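This report introduces a protein chain to a reader who has not met it before. It proceeds from the overall make-up to selected residues and strands.

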Amino acid sequence: ISGSGVKLNAKNSSFDYLAMQFRLHPRIAMSIGLLPFSNVGYSVSDTQAATDPTTGNTADYARSYTGDGGLHQLYAGLGVKVLNNLSIGANVSYFWGDITRTLGMVYPSYKDIYGQTVSNSYVETTGMSVRDYKLDFGLQYTYKLNKKNTINVGAVYTLGHTLHGDAYKYHQTGTESNGSIYVQSQTGDTIPNPFKMPHTFGAGLTYVYDNRLTIGVDYTLQKWNTADLTWSKFNKESVEMNNRTKIAFGAEFVPSYISHNYLKRIRYRMGAYYSTPYNKVSYTDPDTGATSFQDGAREYGVSVGFGLPMFQSKSMLNISGQYIKVSPKFKGLMEENYLRINIGLTFNERWFMKWKVD
């Protein structure tokens, strides 16, 4: 992570998802799973010289930003093969989570004319709590060009709606001691249902050759510019949103499914994506001093990986490496570079097959 001439290295890990699918009928399948929707986790602080807004004295002050929490979804999905080449499906999710963000400003304490200790330090906490549903719909059409060549076309839609939950903001003032704030007074407010899930549209196309080579491309559009901005009004901040777009490309190749040579049964994978930001940020031109809203950071990613078949089993160990770059369009925003190692285990076992006796 780099910004304003400062660089920082950090390490972390996270759980990605747990999902399961099985057949209910020759034309009906079901899926259930637990997926994280978003994650927040940061702690940044610095010390700078500034003028106390009350006394006019110049002194060092400490500033800290922390964030924690995330949103999650537990879903159940059903897919139906309505025609030999056409399938439709839907996911119903329970959507929940809490996110808290804190700004701490610690000013040195001083004595007033009456000898009392005074501090203008404060802590400002904003947060959200969401408990609601999420609906996703999809369809897929398969067209066989010939015995070895197949094209799949898919489309998905996520319903946009106002989320049930609360947002809150508290401003706590107190005295400073050894860099910490002891709260003396608090003001705050809470607003119900301030957030909205955007309408999301997606489309994808894959080409499959002989069930050994798969090449695909996806496009996603999230309509954030129509999302409710009640939260920004409550927070007394001007906020502008963009429609977020993402395009992704991927390919997988397996030399042979039935070879006795283990290396030929490994699935070799690669992918890349590019996404535009959904938020705009306030930017002040260093030359003219003019302030305007500009697009936030763009994101690029490339990955390579392998699907390693488990011996005497149809299960698969999936390992991939991914490089991600979060790049702002102008100076003043942080630039981030990630190297991610992803490990997944896919169980393809006969848990739901019925035994038959001749």
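Helices (H or I, at least four residues) and strands (E, at least two) are here DSSP runs, numbered from the N terminus. By that reckoning, the protein chain has one helix and 23 strands. The model is a predicted one. Of the 358 residues in the protein chain, 26% are buried. Among contacts in the protein chain with a separation of 6 or more, 59% are between residues 24 or more positions apart.

**Nonpolar cores**

The largest nonpolar core consists of 11 residues: V40, L71, F95, I99, M128, V130, L163, A167, I191, F195 and M197. Two or more residues of this core come from each of β6 (86–106) and β9 (121–144). A second core, separate from that one, has five residues, including Y61, L103, M105 and Y107. In soluble globular proteins, nonpolar side chains tend to be buried together.

I99, a member of the largest core, has contacts beyond its neighbours within four places in sequence with S38, V40, D68, G69, G70, L71, T126, G127 and M128. One of these partners, G69, belongs to strand β5 (residues 58–81). G69 counts as partly exposed because its relative accessibility is 24%. With neighbours within four places in sequence left aside, G69 is in contact with N39, V40, D98 and I99. The C-alpha atom of G69 lies 9.5 Å from that of G127, although the two residues are 58 apart along the chain.

**Aromatic rings**

The structure contains eight aromatic pairs. A pair of aromatic rings is described by the distance of the centres and the angle of the planes. For F137 and Y157, these values are 6.5 Å centre to centre and 15 degrees between the planes, and the pair is stacked. F137 is in strand β9 and Y157 is in strand β10 (residues 149–158), so the pair ties together parts 20 residues apart in sequence. Both residues count as partly exposed, F137 because of its 38% relative accessibility and Y157 because of its 24%. Ring pairs also bring in F201, which forms a cluster with F137 and Y157.

A further ring, that of Y273, has the charged end of K246 over it, 4.7 Å from the ring centre.

**A residue of strand β10**

Strand β10 also holds N152. Is N152 buried or exposed? N152 is buried, because its relative accessible area is 16%, and the cut-off for buried is under 20%. The side chain of N152 makes a polar contact of 2.8 Å with the side chain of T142. Not counting residues up to four places away in sequence, N152 touches Q140, Y141, T142, G204, L205, T206 and V208.

**Pairing around strand β17**

Strand β17 (residues 244–253) pairs with strand β16 (residues 213–222) and is also joined to strand β18 (residues 267–275). The table sets out the two pairings, each with a pair of residues that stand opposite one another.

| Strands | Sense | Bridges | Opposite residues |
|---|---|---|---|
| β16 and β17 | antiparallel | 10 bridges | T214 and E252 |
| β17 and β18 | antiparallel | eight bridges | G250 and G271 |

In the first row, E252 is the residue of β17; in the second, G271 is the residue of β18.

Note on methods
Residues numbered from 1 in each chain as written. Predicted model: local features only at pLDDT ≥ 70, side-chain atom pairs only at ≥ 80, totals over all residues. Heavy atoms only, no water. Buried < 20%, exposed > 50% of the residue type's maximum accessible area, 1.4 Å probe, protein only. Contact = heavy atoms within 4.5 Å. Core = buried A, V, L, I, M, F, W, Y, C linked by side-chain atoms within 4.5 Å. Phe/Tyr/Trp six-rings, centres within 6.5 Å; stacked < 30°, edge-to-face > 60°. Lys NZ or Arg CZ within 6 Å of the ring centre and 35° of its normal. Pairing = 2+ DSSP bridges. Polar contact = N/O pair within 3.5 Å; in protein donor to acceptor, adjacent residues only side chain to side chain.
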